[in-house]
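Here is a short tour of one structure, with an eye on its main pocket and its charged pairs. Have the model open as you read, and follow along at your own pace.

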Amino acid sequence: MRVVIAEDNALLREGLVLLLGSAGHEVAGVATTGPEVLPLLVEQRPDVAVLDVRLPPDFRDEGLRAALDARRLLPRLPVLVLSQYVEETYATELLGGGAHGVGYLLKDRVGRVEEFLEALERVAAGGTALDPEVVTELMSRGRGGGPLAALTPREEEVLRLMAEGHDNATIAKVLVVTERSVHKHIGNVFAKLGLPPADSGHRRVLAVLAYLGR
C-alpha cells in the first residue's frame, strides 16, 4: 500500500516509516504540520493516510480537520487517525463525516505492531478500526437510555466487537460461540437500534457507530 503519514513527533514518525517499510508498504509522503497535510494527500492520493489529531502550529485539531477536508475532496480516502487520548468529540465527528475506511486508534496501539498493521490494512480495505477504549467511551455515553438500554449484555458485547471492526468469525472466536449465534445477536442489535438487519460487512458497523455518535 501507499501510505501518507502526518505526525510531528520525530520518534513516532520515523518509527512508523520504518514499521511500514518493513511490512512491505510504501511511505508516499510525510507531513509534520497541519497546513502540509491536505496538499500532500491531494497530490499523492495514497491508499491510506495515517494522521495525528493534533499537529503544529496550534496543536488543536489540525490533523482531524485535514482528514475531514481530504475526505470531502477524495470521498473514499481511507483515514486512520492517531490520538494520545480518547477525544470523544473528534471520534464522533470523524465517524459522522462518512464511514467508509475510517480508523481511530490511541497512539499506544502503534506499539502493538501486529494489531496496528491489521487495523491499517482493514481501514485501507474500506473497513473500520476503532480503539477499544474509544468504543467504550462512545457506548458509555449512550447508556443512559434510548435503544442501547434495550440491549442484553451479550448483545452489547457483540456491538462492541463489531464497532472495533471484527467480523463474525472473530466475534464468535472471542465470545466462544458459533457464528450462527453471532449472526442472531447482530440481527437483534439492529432490530433494537432500528437499523436494517441485512448483513453488509463493515457498513453495518459504521451504521451502528454513526447511530451512537448522534
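## The largest pocket

Two elements, α5 (113-124) and β6 (128-130), each give at least two residues to the lining of the largest pocket. Of these, α5 provides the largest share, with 4 residues. Please keep in mind that this is a predicted model.

The volume of the largest pocket comes to about 220 Å³. If you would like to colour its lining, select L105, R109, E115, E118, A119, R122, A129, L130, D131, P132, E164 and H166. Sorted by class, that lining holds 6 charged, 5 nonpolar and 1 polar residues.

## A charged pair in the pocket lining

Both R109 and D131 belong to the lining of the largest pocket, and they also pair with one another: D131 forms a salt bridge with R109, with 2.9 Å between the closest N and O atoms. This contact links distant parts of the chain, as D131 sits in the loop between β6 and α6 (132-141), while R109 sits in the loop between β5 and α5, 22 residues apart. Are these two partners buried or exposed? Both D131 and R109 are buried.

## A network around D52

Side chains of opposite charge can pair when their charged atoms come close. Over the whole structure, a search finds 10 salt bridges.

One of them joins D52 to K107, whose closest N and O atoms are 2.9 Å apart. D52 is part of strand β3 (residues 48-52) and K107 is in the loop between β5 (102-106) and α5, so this pair ties together parts that are 55 residues apart in sequence. D52 and K107 are both buried. The pair also has company, with E7, D52 and K107 linked in a network of salt bridges.

## A bridge between two helices

Now turn to K192 and E155, whose side chains meet in a salt bridge with an N to O distance of 2.8 Å. K192 lies in helix α9 (residues 179-193) and E155 in helix α7 (residues 153-163), so the contact ties together parts that are 37 residues apart in sequence.

How do the two partners count in terms of accessibility? With a relative accessibility of 32%, K192 counts as partly exposed, because it falls between the 20% and 50% cut-offs. E155 has a relative accessibility of 4%, so E155 counts as buried, a label used for values under 20%.

Notes
Residues numbered from 1 in each chain as written. Predicted model: local features only at pLDDT ≥ 70, side-chain atom pairs only at ≥ 80, totals over all residues. Heavy atoms only, no water. 1 Å grid on protein atoms, 1.4 Å probe; cavity = no way out; pocket = protein on both sides within 12 Å on 5 of 7 lines; lining within 4 Å. Points joined across faces, edges and corners; volume = space filled by probe spheres on them. Nonpolar A, V, L, I, M, F, W, Y, C, P; charged D, E, K, R; others polar. Salt bridge = Lys/Arg side-chain N within 4 Å of Asp/Glu carboxyl O. Buried < 20%, exposed > 50% of the residue type's maximum accessible area, 1.4 Å probe, protein only.
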